[in-house]
Amino acid sequence: MDNFIFENRTKVYFGKGCVREFLVCEAKKYGGKVMLAYGGGSVKKNGIYDEIISLLRDADLETVDFPGIMANPTYEKVLEGARLAREENVGLILGVGGGSVMDCCKAISLAAVYDGDIWKDYWARNGVIGFEPLPLGVVVTVTGTGSEMNGGAVITNEALKVKTGRDYPACNPRFALLDPTYTFTVPALQTAAGGFDTLSHIMEIYFSKPDEDNVSDDIAEALMRGVIKNLPAALKDPEDYTARSNLMWLATMAENRVIKLGKRTDFQAHQIEHQLGAYTDCNHGCGLAVITPPYYRRIYEAGICKFVRFATNVWGISTVGKNSAQVAREGIDALEKFIRDIGLPSRLRDIGVAEDAPLDEIAQSCNISPGSYKQLTHEEIAEILKSNY
Ligand code: NZQ
Ligand code: ZN
């Protein structure tokens, strides 16, 4: 394994009823108002907002609302939230939602206490955070990104057409409340997209060096099998507590840095999806579902042993009478079939990308991952996008 240092400061409360039981004692630790940040309104429809607001009010905690955080949160929205947090002298930001809400809140927690140009100093490049961001707690209502237990935030700068992410340990939420029943109302397409995002995170880490026997790859295989088993079960019965709770913790485990330990990691498919999202505002998990199989078909020969391991240990594919390349390809075929079975699209046209979208320009704007088994050229990325339109 490669050398590593591990730290994760987020305190996680997991399970049915955990918000009712633990939110107030956490929220009371911080002075000032609680800024309640959420998305486009799902939490108002399903009762989560009412439950949280009454818990906070019953505990005499003052709140200020910050609604309307959109999927693929924008830098403009971050600045709006930072202004409100300053004006209202907020002591705690409470993000209630999925990756978009949590990421936006992390970025707000920095911008609210930083006087310089936050885009230039922290999002355009990795800065060194020598100050404490505003405290952040999260209540997860849709699973997938794992943002609840890391310092990562992915923000879209619409003016620059850049969607970029940084993982700053200082931005880890102070606490995360994970009640699987809160995800019962997530629609099928978003359940599938979030579940595939989790699977993608695990694959992006697994398909990278080192390839010698290591704990992280072994855990990654177990997590991938978990997604493959539990995602169809949650789609079949959205109120299947076992499936929803497993998906919730799988998403967290995929992105809480544990399986990254000793690994270089790839994240090339994510780099492509992020730029596709910057130009088209497509759904993150759906974008990954389109990009990932053709990306793996281009690189598998350079990481053949790992792709064979993936086929056999994750998908149960037999190696008898087959050469390595055949087995590896069957693993990618199985992944593609899984994507179809869970109802995710496999073409850009099916995820709202317009026919005249500037695919060459999007490809040129993508970062090239140093951790990939085979580094793509921008032209190859353009081919992936065009041939899967
Ligand atoms: O906005 P509302 O009305 O709340 O609806 C949301 C949204 O439309 C809905 N939803 C959330 N909880 C619900 C619900 N609907 C019904 N019942 C509930 N309980 O779900 C929709 C999607 O929410 P969103 O937060 O956008 O999804 P996701 O969690 O997939 O987050 C996507 C964002 O996270 C970034 C992505 O790029 C994208 O911007 N990522 C963040 C990462 C990180 N911080 O570590 C890593 C990822 O790779 C990813 O890039
Ligand atoms: Zn992702």
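**Where the two domains meet**

Let's start right at the seam: across the interface of domain 1 and domain 2 there is one salt bridge. Keep in mind that this is a predicted model. The pair behind that bridge is Arg257 and Asp167, whose side chains meet with N and O 3.0 Å apart. To count as a salt bridge, the nitrogen has to sit within 4 Å of the carboxyl oxygen, and the 3.0 Å of Arg257 and Asp167 satisfies that.

Now step back to see what is being joined. Domain 1 covers 11-183, and domain 2 covers 188-387. Asp167 therefore belongs to domain 1 and Arg257 to domain 2, going by the domain bounds. Measure from C-alpha centre to C-alpha centre and you get 27 Å between the two domains. Domain 1 puts 30 residues into the contact, while domain 2 puts in 23. Together they bury about 2200 Å², and carbon and sulfur atoms account for 58% of that area.

What about polar contacts? Eleven residue pairs, with both partners at pLDDT 80 or more, make polar contact between domain 1 and domain 2. On the domain 1 side, the elements giving two or more residues to the surface touching domain 2 are β1 (11-14), β6 (152-157) and β7 (162-167). Of these, β7 provides the largest share, with three residues. Asp167, the salt-bridge residue, falls at the end of the β7 range, 162-167.

Finally, look at the chemistry of that side of domain 1: it has twelve nonpolar residues, twelve polar ones and six charged ones.

Note on methods
Residues are numbered from 1 along each chain as its sequence is written. Chains are lettered from A and ligands numbered from 1 in the order in which they are written. This is a predicted model: local features need pLDDT of at least 70, side-chain atom pairs count only at pLDDT 80 or more; totals for chains, interfaces and linings use all residues. Side-chain values use heavy atoms; hydrogens and water are left out. Contact means heavy atoms within 4.5 Å. Buried area is the accessible area (1.4 Å probe) that two parts lose on being put together, summed over both. A polar contact is a pair of N or O atoms within 3.5 Å; within protein, one must be able to donate a hydrogen and the other to accept it, and residues adjacent in sequence count only if both atoms are side-chain atoms. Helices (H or I, at least four residues) and strands (E, at least two) are DSSP runs, numbered from the N terminus. Ala, Val, Leu, Ile, Met, Phe, Trp, Tyr, Cys and Pro count as nonpolar, Asp, Glu, Lys and Arg as charged, and the others, Gly among them, as polar.
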